Amino acid sequence: MHAFDQFLRDKLLTLGIVSDCASHIVTRGVKNVTTLPLNIVTPHVS
């Protein structure tokens with residue numbers, strides 16, 4: 001976290017083209033699923 005904060009303050013925000021930055025940190029995962037629920041999609045028939 002310290003390195004990320006230092007990069008933002010010392011490098012990115014000093015460029016003059018970036019005026020603000022927002023970061024969101026995830027502390028733990030709520031759900032870890034990589035498959036799509038394809039059974040809820042109806043097929044398109046022409």
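Asn39 is exposed, with a relative accessible area of 69%, and its place is in the segment after α1. The model described here is a predicted one. Asn39 and Asp5 lie 34 residues apart along the chain, and their C-alpha atoms are separated by 43 Å.

Asp5 also takes part in a salt bridge, its partner being Arg9, with the closest N and O atoms 2.9 Å apart. This distance satisfies the rule, because a salt bridge requires a side-chain nitrogen of Lys or Arg within 4 Å of a carboxyl oxygen of Asp or Glu. By this rule the count comes to 1 salt bridge. Arg9 and Asp5 are 4 residues apart in helix α1, so that about one helical turn separates them. Side chains of opposite charge can pair when their charged atoms come close. Arg9 is partly exposed at 44% relative accessible area, and Asp5 likewise counts as partly exposed, at 34%.

A nonpolar patch of about 450 Å² is found on the surface, made by Met1, Phe4, Phe7 and Ile25. Of these residues, Ile25 belongs to the segment after α1, the helix that spans 2-12. Ile25 is exposed, with a relative accessible area of 54%, and this value meets the accessibility condition for a patch because patch residues need over 30% relative accessible area.

The accessibility values of the residues discussed above are set out here.

| Residue | Relative accessible area | Class |
|---|---|---|
| Asp5 | 34% | partly exposed |
| Arg9 | 44% | partly exposed |
| Ile25 | 54% | exposed |
| Asn39 | 69% | exposed |

Notes
Residues are numbered from 1 along each chain as its sequence is written. This is a predicted model: local features need pLDDT of at least 70, side-chain atom pairs count only at pLDDT 80 or more; totals for chains, interfaces and linings use all residues. Side-chain values use heavy atoms; hydrogens and water are left out. Patches are made of residues with over 30% relative accessible area and no salt bridge: like charges are joined within 9 Å, nonpolar side chains (Val, Leu, Ile, Met, Phe, Trp, Tyr) within 5 Å. Accessible areas come from the Shrake-Rupley method with a 1.4 Å probe; for residues, only the protein chains shown count as cover. Helices (H or I, at least four residues) and strands (E, at least two) are DSSP runs, numbered from the N terminus. Buried means under 20% relative accessible area, exposed over 50%, partly exposed in between (1.4 Å probe, protein chains only).
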